[in-house]
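I opened this notebook to keep track of what I looked up and in which order. The entries follow the topics as I came to them.

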Amino acid sequence: MALEVVGGAFLSSALAVLFERMASGPVVDFIRGKKTTAGLLHKLKMKLLLVNNFLDDAEEKQLRNSRVRDWLNELKDVIFHADDLLDDIKTEALRCKMEEEDSGRSRINQVLRRLKFSSISIHKFDKSLEPRIRDILDRLQLIVDGKDVLDLKEGFKDRPQGLLTTSLVEESSVFGRDEEKEAIIKLLLADGMTGNKIDVLPIVGMGGLGKTTIAQLAYNDDRVKRHFEYQSWSCVSVEFDVIKITQTIYGAVTSQTCNITDLDMLQVELKKALSGKKFLFVLDDVWNVNLKNWDSLSRPFESGGHGSKIIVTTRDEGVARKMGTLQSQHLMQLTEEDCWSLFSKHAFWNGRDPSLEVIGKQIVQKCKGLPLAAKSLGGLLRSEPSIENWKEILNNDIWELRDEENDISPALWLSYHYLPPQLKRCFAYCSIFPQDDEFYKPDLVLLWMAEDLLPSKSNTTIEKFGDKCFDDLVSRSFFQHVPSQFSGEAVFTMHDLIHDLAKFVSGEFCVRLEDNDSVLENVSKSRHFSCATGSFDQWDSLYEAKYLRTFLVSGYKYQPPNLDFDIFLKLQCLRVLKLSSYNIGELPSSISKLKHLRHLDLSDSSIKKLPDAMCTLYNLQTLLLRACQALVELPTDLGRLINLRHLDIRGTPGIQKMPPRMGKMKDLQTLRGRFVLDKYTGDNIVEIKELKQLRGTLWISGLHHIVHVTDAIMRKKKHLDELVLEWGGKSADDTDDTQKQRDVLENLQPHTNLKKLKIQSYGGTRFPGWLEDHSSLSNLVRLQLLDCGNCLSLPSVEQLPSLQELEIEGLINGVVTWGSKPFPNLRTLRLKSCPEVTGAFTSACFPKLESLVWEDVNVESLNYPSLLSLVRLEIISCPNFVCFPDAPNLKTLLVQKCPKLRSLPQHMHNLLPSLSYLLLYDCPELESFPQGGLPSKLEKLFIQSCKKLVIGNRMQWGLPTLTSLKILSVDFKGCEQVVDSFPDEGLLPTTIEELRIYSISKLDGKGFTQLTSLKELSICNCPELRCLPDEGLPTSINHLEIVRCPLLEQRCHRETGKDWPKIAHIKTISINYEYI
C-alpha cells in the first residue's frame, strides 16, 4: 500500500511497511494454499486499516490525555508483534529457498533434506502461526474497542511535507546576540580582572536559547584565537565525567587522540602540557557538578598561563555559582524582531509572500523568543506555500499545552507533529543515543535500514532514500552539525531539547543504559537498547525484554561490560547487534539462531574467527569488521548471505584471501577494504562480475596471482566511483609474465562513470589501450600510476576530458614525455622517481595546473612561458634542477635537495609576486637571493642546510623590505664556526612575529632591538651558545623555547640563572619541552 494512503501519524509509516510486507512475494507464496492462515492475515490487515483511520486524532490528543498515549503504545506493541510474525514468514521462506538450492547439489541430500525440512521444520512453523495471529487479533480487537471510549475521531489531515534533498544546509546566521558576544569576548581578552590566574565564565540560560551557539561564536573569533595558545571544547552533559573531559582537553592540547585512562597519569601529562600556556577551555552543557569533581578536574589547570579562561554553559544557576569566578552572562529570549529574522531565514528561501508573513509573525510571537523553536518551525514551513497549513500551525491548540510531566516545548512538538510519517520513526529511533552523543550520517542510515524504517523505492536505493531523510532532519534542525577535532567526516548531534523530544516520542520502546543507571525496569515492551556504561552487571533483567530489536554496546574507554552471549540467544528478534570495541575472541555458532539479524558490527574488536554457522543469517544486510586486526579469514560460505549490502573489512591485515562464491551476494553495495587474491584463489576475480550493484570504492589486490581473465568483468560496474588495481611481489622480469599482466589489465577496463583510478605495482611493459581512450574514461578525475617499473612510457592520457589530478611514481625504466598535447583540466600533477622526463612543460600544455610536485625527477628547468594558474610548487631531490618558471599566482614554493641549484630566479619579486610561503632545504650551492629581493607578499621563510646562502652577505637578502614577513626560520648547521652571530643589525623586518634560530654560537642583541612585533622565539641545537645578548630580548615576546642548548639552559633557570633577568618578562618559557 502506498504511503500516501495511510495518513501522517507516526504509526502510519509502520503500518505502510507492514502492508508492504503482507503483499511481498515471499509471504504470498508461503501462505498460498493455507486457507486458514491466509484468512487470518486478511482479517489482521482489515483491522489495521480500520485503526489507522484514527491515528491522526490520537497523535494530536496524546499530549493532553495520557490514556490516549497508552492506547497508542499498546497499538505500537501489537504492530511490532505483527511485523515480527511477518518477518518470521519471510525468513522461513528464504531459509527453505536456500536449503532447496543446497539440496540440489546431491540427489541423496535432496531427498533427505526435503523429508527433514518439509515434514518437520515447515510443519512445526506452520503450526505456530495460527495461534500467534489469533493472539494479535484479540489484542487488536481490544484496541479497536477502546477508540470509542477515548472518543477518537476518524480522518486524515493534509500536512506540510517540505522534504528537502540538499545534503547540508548553510550554517544559520545568528540574530540578536551581538552585544552578548562582544561582552563575552571582552571578558575573555581581559587579564587580571579578578587577580586569579584562571577565571571561569558561566553562560546561563534555559534550553534552546543558544548558549552553545554564543560560546562557539566567541570560541572561534579571530581575536580570541590569537589571544590563547591552547583551546579545547568539551561537551559535558548530564554526567560530569572527569576522566572523559580530561581526555578531551589533553587530546586538543596535544593534537592527538588520548587513550590514557588512569586519572593520575592523565593529569600529570596534562599539567606538563599546559605549563605556562594561556588556554581557553569550554565546558558545554554542564547539568550538575559537585565541588569534589570540579576540584579534581581543575587541578592540572593551575599550571597554565596567567589569563587563562574557562567558559561553562549551563541551565542551572547553581552550577554557575559553584564553578564561576566571573559574573554569569545570562542569555535572555530573543526580541520578537530578531526571532522573526531567524524564522524568516529558514522559512523563506525564494522570496517572501506578504500573506504568509502576516501568519508567520504571529507564529513567531508564540515561539516566545526561543531561537531553537523559531529555527525548527521555519524549517518545517520552508517551501510550504499553503496558507491553510500555516494557519493550522498558528491555531493549533498544542500552543496552549502546559504539561509539567513531559516538559515538551509546544513549538518543537509542532515541528515533530508535522514531519512526514517516515521521518517521525527515523527521528524517534535516535533516542537510543545518549544525550550529546555524536553520530555519523552513513552509520545512522544503516541502522534505520536494518530496522525497516526506510520504505523501499523503485527509483533509488534504500540508502539514498535514507540520506534524504537524514538531510531533511538536518534542514529542520532536528540534527545539527558539530565540528570534529579528529575526523574529516561530518559529525552530528541533537540539541538537548530535541533529544528530550525524541525520548518522549519513543517512550518505553527505547531504553538507554547510562552511567547513573543501576537497574533496568519495565522493559517488556522495549525494542531498542543501548549501553553507555561499563559498570552495569544486571544483565539478567534483559531477559524480560525478549522482543528487543536493537542492542548497541560500543566505545568503552574504561571497563567493558561483562556480557554472556547467552543473553543474545534469548533475544531472537534482534535486528541490530553492535559489539564494536568489545573484547570478544570469537562468536559462538549459536549466533545462527538470531535469524532476524540485519546489522552486525564487530569493528575494532578482538574477534579472531567468525563461525561458519553465521552464514545462515540470510537477512544480514551489514557486516562491519573494520580494524579487527586479529581476524585471519572470512567464513567459507560467506556468499550465502545473499541479502548482504555492506561489508567493511578495512584494517584487517590478517585476511589474505576472499572466500569463494562471493558473486552470489548480488545486492552488495559496498565492499570497503581489499578484495584479496592469493596464489590459490586468483580465479576468484570472476566473482566480481556478478557484484553489479557495487558502488563507492573497490580495491583489488594480488592481481599477479591471476592466471587469465577472459571476461570484461568491470565494464558494467556503473556505480563505482573509485577503482584500485594492485599487483604485488616483484616486478615481472620475463616476456610471458609481462604479457600476462597486460592481458589481465586489458580485461579490467572500468565503466565510463569511474572517477578515480589507481594502478599499483603493475608489471607489464605497456598500458592497455583503454587507458588512453578519452571516451572510455570520460569522467575520470584522478589517475595514479604507482610503481609500474617495467612500463616503457606513459600512456597518452592528455585528452581525458575530466582529468584533474595525475600522479606518476616509480616509472624507473620508462620515459615521461610532455608537450605533444595539452591537459585541458589538470589541476594537480605529482611526479616521483621518474628519472627521464622530456618535452616542453608549458602553460599551453597545462592551462589550469594549480599544484606541481616533482620528486626524484631528472629535470633541469621549468623555465618556460608563464604558468598562470600554478599556486603550489614542490621540487624535491631533483639533482639537476637549476631554473624556475614564471608563475604570477604561485603562493607556496618548496625546494629541497637540489645540489646544483645556484640561484633563485632573477626578478623573482616580479615573476612570483603572490608568493607567501618559501622553504629552501639542502641546496648547498645556493649562494644568494635574487637582485630586487624576494616577493613582497612573502609571509613565511624557512632556510635549512643552505651553507653558501647563510655564510654569504646576509644583508643582501633584502629582508627589511618584506613588510608581510611574519615567520622566519634559519638553520646554520655546519656553519657555526663561520657565522659570528645572528641576527645582524637591520637584517630583519620589524613585522617578524615568530623567529626560529638553529645551530648558532652567538646572538646579536642589536639585531633584536628593532623586532618590536616578535612574539615567539625558538633557539634550538646550539651547543656553543653561552648566553643571551646583553641587551636582552624584545619585551613583545610572550613565548621562548630553548632546545638542546646546554650552556644556555643553565643560565635561564627560573630566578637563579644569570640570564633570568633578561627573560623574566616572558609569559611562557620552555627548556627542552619542559615549561619553567
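Entry 1, salt bridges. Before listing any pair I fixed the criterion: I count a salt bridge where a side-chain nitrogen of Lys or Arg lies within 4 Å of a carboxyl oxygen of Asp or Glu. I also noted that this is a predicted model, and that a search of the whole structure under this criterion returns 54 salt bridges.

The pair I looked up to begin with was R830 and E805, whose closest N and O atoms are 2.6 Å apart. R830 belongs to strand β24 (residues 828–834) and E805 to strand β22 (residues 805–809), so this salt bridge ties together parts that are 25 residues apart in sequence. For R830 I read a relative accessible area of 26%, which makes it partly exposed, and E805, at 22%, is partly exposed as well.

Next I turned to E925 and R902, whose side chains meet in a salt bridge with an N to O distance of 3.6 Å. This pair links distant parts of the chain, 23 residues apart, with E925 in the loop between β29 (917–921) and β30 (940–944) and R902 in the loop between β28 (892–896) and α25 (908–911). E925 counts as partly exposed at 22% relative accessibility, and R902 counts as partly exposed at 48%.

I then checked K61, which forms a salt bridge with D57 at 2.9 Å between the closest N and O atoms. Both residues sit in helix α4 (residues 55–61), 4 residues apart, or about one turn of the helix. In general, an α-helix has 3.6 residues a turn, so residues three or four places apart point the same way. Here the two partners fall on either side of the 20% cut-off for burial: D57 is buried with a relative accessible area of 16%, whereas K61 is partly exposed with 22%.

Which residues are linked in a network of salt bridges? I listed R21, D83, D84, D87, K90, D452, R549, R575 and R598.

Entry 2, helix α1. Since R21 appears in that network, I looked up its helix, α1 (residues 10–22), where 12 of the 13 residues are buried, so that the helix is largely enclosed by the rest of the structure. R21 is itself among the buried residues, as are F10, L11 and M22.

Entry 3, helix α14. This helix (residues 336–347) has 12 residues and spans 16 Å from its first C-alpha to its last, close to the 16 Å expected at 1.5 Å a residue. Its buried residues are C339, W340, L342, F343, S344, H346 and A347, and they pack against α15 (354–367), α16 (371–381) and α17 (387–395).

Entry 4, the open sheet. I traced 8 strands with parallel pairing, in the order β9-β10-β11-β12-β13-β14-β15-β16. At the edges stand β9 (510–513) and β16 (670–672), each with a single partner strand, so one side of each has no neighbour in the sheet. Direction ignored, neighbouring strands of this sheet are turned by 5° against each other on average.

Within the sheet I followed β13 (residues 599–601), which runs parallel to β14 (residues 622–624) and is joined to that strand by 3 bridges; D601 has L624 of β14 as its bridge partner. Helix α20 (residues 441–450) packs on the sheet, where I found it touching β12 (576–578), β13, β14 and β15 (646–648), with a direction that makes about 140° with that of β13.

Technical notes:
Residues are numbered from 1 along each chain as its sequence is written. This is a predicted model: local features need pLDDT of at least 70, side-chain atom pairs count only at pLDDT 80 or more; totals for chains, interfaces and linings use all residues. Side-chain values use heavy atoms; hydrogens and water are left out. Two strands pair if DSSP finds at least two bridges between them. Axes are lines fitted to C-alpha atoms, for helices over the stretch in contact, and angles run from 0 to 180 degrees between N-to-C directions. Contact means heavy atoms within 4.5 Å. The expected span of a helix is 1.5 Å times one less than its number of residues. Buried means under 20% relative accessible area, exposed over 50%, partly exposed in between (1.4 Å probe, protein chains only).
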